[in-house]
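Here are some worked exercises to try with the structure open in your viewer. Have a go at each task before you read its solution.

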Amino acid sequence: MSISTSSAFPMPTDASLLERRRQVLGRHSPLFYDRPLHVRRAEGVWIEDTDGRRYLDAYNNVPHVGHCHPHVVEALCRQASQLNVHTRYLHEAVVEYAERLVATFDAPLSVAMPTCTGSEANELALRIARFVTGGQGIIVSSFSYHGNTAGLAAATTGLPAPEALAPHVRAVGIPDLTHWQGDPAALAARFAEQVADAVRSLQADGIRPAAMLFDTLFSTEGLPAVPKGALEQAVAIVRQAGGLFIADEVQPGLGRTGDHMWGYQAYDLVPDIVTMGKPLGNGHPLAGLVTRPDYVEAFGSKALYFNTFAGNPVSAAVGSAVLDVIEREDLQGNARRVGAHIQAGLQRLASRHGLIASVRGRGLFFGLELMRDGRPAAAEARRLINDMRDRGVLISRIGPDDNILKMRPPMPFSVADADLLLSTLDGVLSDL
C-alpha cells in the first residue's frame with residue numbers, strides 16, 4: 001500500500017481533537033478502542049493513522065470491496081460530475097442498478113426500494129409488513145440490533161437504549177449448538193416453540209403478528225451455530241399466524257459468508273422482505289430492501305414512499321461499481337477460500353489457548369468466544385481488542401456478554417492478511 005501522509009496543514013493533537021469532538025458531537029458519541037484511533041487515510045484492507053502507522057482492518061464491513069476501491073471512487077466521481085438528482089426523475093443508472101441488484105435474489109423477490117441506511121431499510125420493511133398483514137406485532141431475538149430509529153430502538157434488545165421494549169414486540173432466544181449436548185433437532189424444536197409462544201403472547205394481547213425480523217447470521221447475538229431447520233420452522237409458524245419474515249442482510253449479505261450471495265440462502269427458505277445497509281455502496285449512503293412485487297403494489301397504492309437522496313444516480317453508480325468488483329475479483333469465492341483458511345487457523349489457536357471456548361462464523365465474518373473458569377471473559381476480550389489495536393490489527397467484540405471477538409474485514413482480505421491476523425491473535429492471547 002502506498003499512502004502519502006504529507007499535508008500543508010498541521011495536524012491537531014489527539015487530545016485537542018478529542019475535546020473538540022466532545023464539544024460538538026457530545027461526550028457519548030462512541031469511538032472504537034480505549035485509546036481512540038486518529039485515522040487519516042485508508043486503502044484496500046489497510047487504514048493509516050496520522051502518524052503514518054498502518055493497521056490491518058479486520059473489523060469494518062462497510063467498505064465492502066475495500067477502502068477507496070479505485071473502480072468505486074472513479075464511478076462516484078464520474079457520475080457526481082455529470083448529474084445527481086432525486087429518483088422522481090428518470091435516469092438510466094438508477095434503473096440499471098436496481099435490475100442488477102434484484103437479479104441476485106431468488107423469486108419472487110424482484111422489486112427494490114432504495115434507502116440511505118440499514119435503519120431506514122428495516123423501518124420501511126416493517127411499514128410494508130404492517131400494511132400487508134394488518135398486524136403490528138414484531139418478533140426479534142433477545143439480543144439484537146436493527147437500527148437507530150424510534151421504532152427500531154423500541155424493538156432493540158442488544159444495545160442500551162432508554163426506550164422500553166414496545167408492547168407489540170416479543171423477543172426470543174436464538175439457539176446455539178456450540179454448548180448443546182443433546183439432539184440438534186430437539187434444540188430446533190425448542191426454538192420453534194419459543195416462537196410459537198411469542199405468537200400466542202401477541203395474540204393474547206389482541207395483537208396480530210406483522211413480522212419476524214432476524215439477521216440471518218445472528219451477528220449481534222454472537223454468531224451462534226443455529227441447528228438445521230430451526231429458522232425454517234420458526235418462519236413457518238410466523239407465516240401461519242399471518243406474519244412475514246424479514247431477513248436483515250446488513251451484515252451477512254453481498255457474498256460475505258462465501259457460500260452464498262445472501263445469508264438467507266444458507267437456509268431452505270426465501271424471505272418476504274430482505275433489508276440491506278451501506279455495504280451496498282462501500283460506505284456511501286446507499287441501502288434498501290428487496291421484496292415481492294405484490295407487496296410493493298399493495299403498499300404503494302396507498303402510501304407514497306419517497307426518499308430524496310436514496311437511490312439517486314450517484315448512489316446507483318456506486319452500487320453498480322460495487323457489484324462490478326464483487327464479480328470481477330470473485331470476492332464471494334475469496335470469502336469462501338480465505339474463510340476456510342481462517343477457520344482452520346482459529347481452530348489451531350483454540351487448541352493452544354484455553355481462553356477460547358469456541359470458533360464461530362462463516363466466510364469473512366468470524367469470531368472467537370472467550371471464557372475463563374466457565375464464565376464469559378468480557379474483561380479479557382476488551383483487553384485483547386485494545387492490545388490488537390496497539391499491534392496494528394483492528395477487531396471488535398459482540399454478544400450478550402461482550403466476550404465474543406468480532407471480525408468482518410473488507411472482502412479483498414487475503415490469505416496473507418489472514419495469517420497476519422492469526423499470528424497477532426496468537427501473540428496477544430499468549431500475553432493475556
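**Exercise 1. A central strand**

Which strand do three bridges join to E5, and do the two run parallel or antiparallel? Find the partners of E5 in this predicted model, then work out how well E5 is covered.

Solution. Begin with the pairing: E5 is joined by three bridges to strand E7 (residues 209-215), and the two run parallel. A residue pair to look for is Ile-138 with its bridge partner Ala-211 in E7.

Next, turn to strand E6 (residues 169-172), which pairs with E5 in the parallel sense over four bridges. Here Ile-138 stands opposite Val-169.

Now take the faces of E5. On one side Gly-137, Ile-139 and Ser-141 are buried, and on the other Ile-138 and Val-140 are buried too. Buried means under 20% relative accessible area. Five of the five residues of E5 (residues 137-141) meet that description, so the strand is largely enclosed by the rest of the structure.

**Exercise 2. Strand E16 and its partners**

Identify the strands that pair with E16 over four bridges and over three bridges, and describe the faces of E16.

Solution. First, strand E12 (residues 365-372) pairs with E16 in the antiparallel sense over four bridges. Within this pairing, Phe-366 has Met-407 as its bridge partner.

Second, strand E15 (residues 396-398) and E16 are also antiparallel, with three bridges. Arg-397 has Leu-405 of E16 as its bridge partner. The hairpin of E15 and E16 has five residues between the strands, and in it Gly-399 takes a positive phi near 100 degrees.

Third, check the faces of E16 (residues 404-407): Ile-404 and Lys-406 are buried on one side, as are Leu-405 and Met-407 on the other.

**Exercise 3. Edges of an open sheet**

Trace the strand order of the open four-stranded sheet and explain what is left at its edges.

Solution. The order is E1-E2-E3-E14, and the pairing is mixed. Strands E1 (39-43) and E14 (393-394) stand at the edges with a single partner strand each, so one side of each has no neighbour in the sheet. For E1, look at strand E2 (residues 46-49): four bridges join the two, which run antiparallel. Among the residue pairs is Glu-43 with its bridge partner Trp-46 in E2.

**Exercise 4. Backbone exceptions**

Locate the cis peptide bond from Ala-107 to Pro-108 and the positive phi values of Cys-68 and Asp-330.

Solution. Recall the background: most residues other than glycine have a negative phi, and most peptide bonds are trans.

- The bond from Ala-107 to Pro-108 is cis, with omega near 10 degrees. Pro-108 is in the loop between helix H3 (92-102) and strand E4 (111-115).
- Cys-68 has phi near 50 degrees. Its loop runs between strand E3 (54-57) and helix H2 (70-80), and Cys-68 is exposed, at 51% relative accessible area.
- Asp-330 also has phi near 50 degrees. This residue sits in the loop between helix H9 (313-328) and helix H10 (331-352), and Asp-330 is partly exposed, at 36%.

**Exercise 5. The whole chain**

How compact is the chain for its 432 residues?

Solution. Start with the inventory: twelve helices and 16 strands. The radius of gyration is 22 Å, close to the 22 Å that the globule rule gives for 432 residues, so the chain is as compact as a globular protein of that length. To finish, 51% of the 432 residues count as buried.

Definitions and conventions. Residues numbered from 1 in each chain as written. Predicted model: local features only at pLDDT ≥ 70, side-chain atom pairs only at ≥ 80, totals over all residues. Heavy atoms only, no water. Rg over C-alpha atoms; globule rule 2.2 N^0.38 Å. Buried < 20%, exposed > 50% of the residue type's maximum accessible area, 1.4 Å probe, protein only. Pairing = 2+ DSSP bridges.
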